[in-house]
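Visitor: I have a model open and would like to learn how to read it. Could you walk me through a sheet and a pocket?

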Amino acid sequence: MSLLTSWLNSPPPDAAIEIAAGRVSAATLTTRGESPTLQAYAVEGLPDGAVVPSLASHNITDRGAVTAAVRTVLGRLGTRVSRVALVLPDAAAKVSLIHFDQVPAKRDDLDQLVRWQMRKSAPFSIDDACVSYTPCARGADGSGDFVVVLAKRSVIEEYEQACADAGTYPGLIDLTSLSVLNLILASSRAAAGDWLAIYMRPEDTSIAIVRDGHVIFFRNRPEGDHDTLTDLVHQTAMYYQDRLSGQGFARVLLGGSGRTPDAVDLAQHNLETRLGTRVEPIDPTSAAALSDRIGVTPDLLDVLAPLTGMLLRTQREAASV
């Protein structure tokens, strides 16, 4: 689940950075024995409107402020950072699930088929797009499902340039919610079967259904949509039962932050009432320990979830090369 992968056969990045609508955050990961541990993190707020996530239009309106924030958080990590993995807002890209009755055997043919399929729904020329995809379920008959991420190249370059101006190189780029899904999949409590994950941010909410480790449903809802989150999850659950042969969720997970301090707690209560099941917090400490000097708070879990998911993924991919 990534937008760009430009380095293989190389060590994992020195740190992960998330550039969100209201802040820039960064974290580093180390390994103690066989256990991953978050070594350090830093957060720096951004002026209102400095980053306005959007699929087709300008995202970074105050590059100086964003660059300064990137430079600040990297300076607080206590280690030299030259290469980073970069996490972008969900609204900066479009996530789609596509199915092919017959998956081409050659990678180049598959690349062209995916881009042709995405051309139909892209709000800009496919020639101006970055397109990445991850295989999901594969059928014995040669069919296959893919998670596809599409972003406008100029938008990606805005975020890359802010990092470059701060003296670091983003070698891998992914989205907030996809990084959170990678966190959950890396957790020691990752369950087989179907599970529902909801990740909130003040500007939007993303909902995903995962079946045996593969994404089978994804939706991003902008804040201000006329349906409440509870209604949206209910609609998702109905679709899951009717169209995805759903037999019930093994887990329901919720994380992130909202426009008000109690937004996530209120959403948890409403979802438990509507779904009739326990809603678990998305907890990065289930996949990586925290160093002794890091204390856990709900706000910190929101900061660390996508960063940890990205760092664990890059560590896993580096080990498998």
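Guide: Happy to; we start with a sheet and then turn to a pocket. Keep in mind that this is a predicted model.

Visitor: In what order do the three strands of the open sheet lie?

Guide: With a sheet, begin by listing who pairs with whom. Here the order is β6-β8-β7, and the pairing is antiparallel.

Visitor: Which are the edge strands?

Guide: Look for strands that pair on one side only; these are β6, residues 94-100, and β7, residues 129-138. On average, neighbouring strands of this sheet are turned by 25° against each other, direction ignored.

Visitor: How many bridges join β7 to β8?

Guide: Eight, and β8 covers residues 144-152. To find your place on screen, take P135, which stands opposite F146 in β8.

Visitor: Now the second largest pocket: how much space lies in it?

Guide: About 480 Å³. After volume, go to the lining: 24 residues line this pocket, and G256, S257, V264, P298 and D299 lie nearest its centre.

Visitor: Which elements each supply at least two residues of that lining?

Guide: They are β13 (251-256), α6 (263-275), β14 (280-281) and α7 (298-320). The largest share, six residues, comes from α7.

Visitor: And how do the lining residues divide into nonpolar, polar and charged?

Guide: A count by class is a handy last step. The lining of the second largest pocket has 12 nonpolar residues, six polar and six charged.

Methods:
Residues are numbered from 1 along each chain as its sequence is written. This is a predicted model: local features need pLDDT of at least 70, side-chain atom pairs count only at pLDDT 80 or more; totals for chains, interfaces and linings use all residues. Side-chain values use heavy atoms; hydrogens and water are left out. Two strands pair if DSSP finds at least two bridges between them. Helices (H or I, at least four residues) and strands (E, at least two) are DSSP runs, numbered from the N terminus. Axes are lines fitted to C-alpha atoms, for helices over the stretch in contact, and angles run from 0 to 180 degrees between N-to-C directions. On a 1 Å grid over the protein atoms alone, a cavity is a set of points where a 1.4 Å probe fits but cannot get out, and a pocket is an open set with protein on both sides within 12 Å along at least five of seven lines; lining residues have an atom within 4 Å of a point. Grid points are joined across faces, edges and corners, and a volume is the space filled by probe spheres set on the points. Ala, Val, Leu, Ile, Met, Phe, Trp, Tyr, Cys and Pro count as nonpolar, Asp, Glu, Lys and Arg as charged, and the others, Gly among them, as polar.
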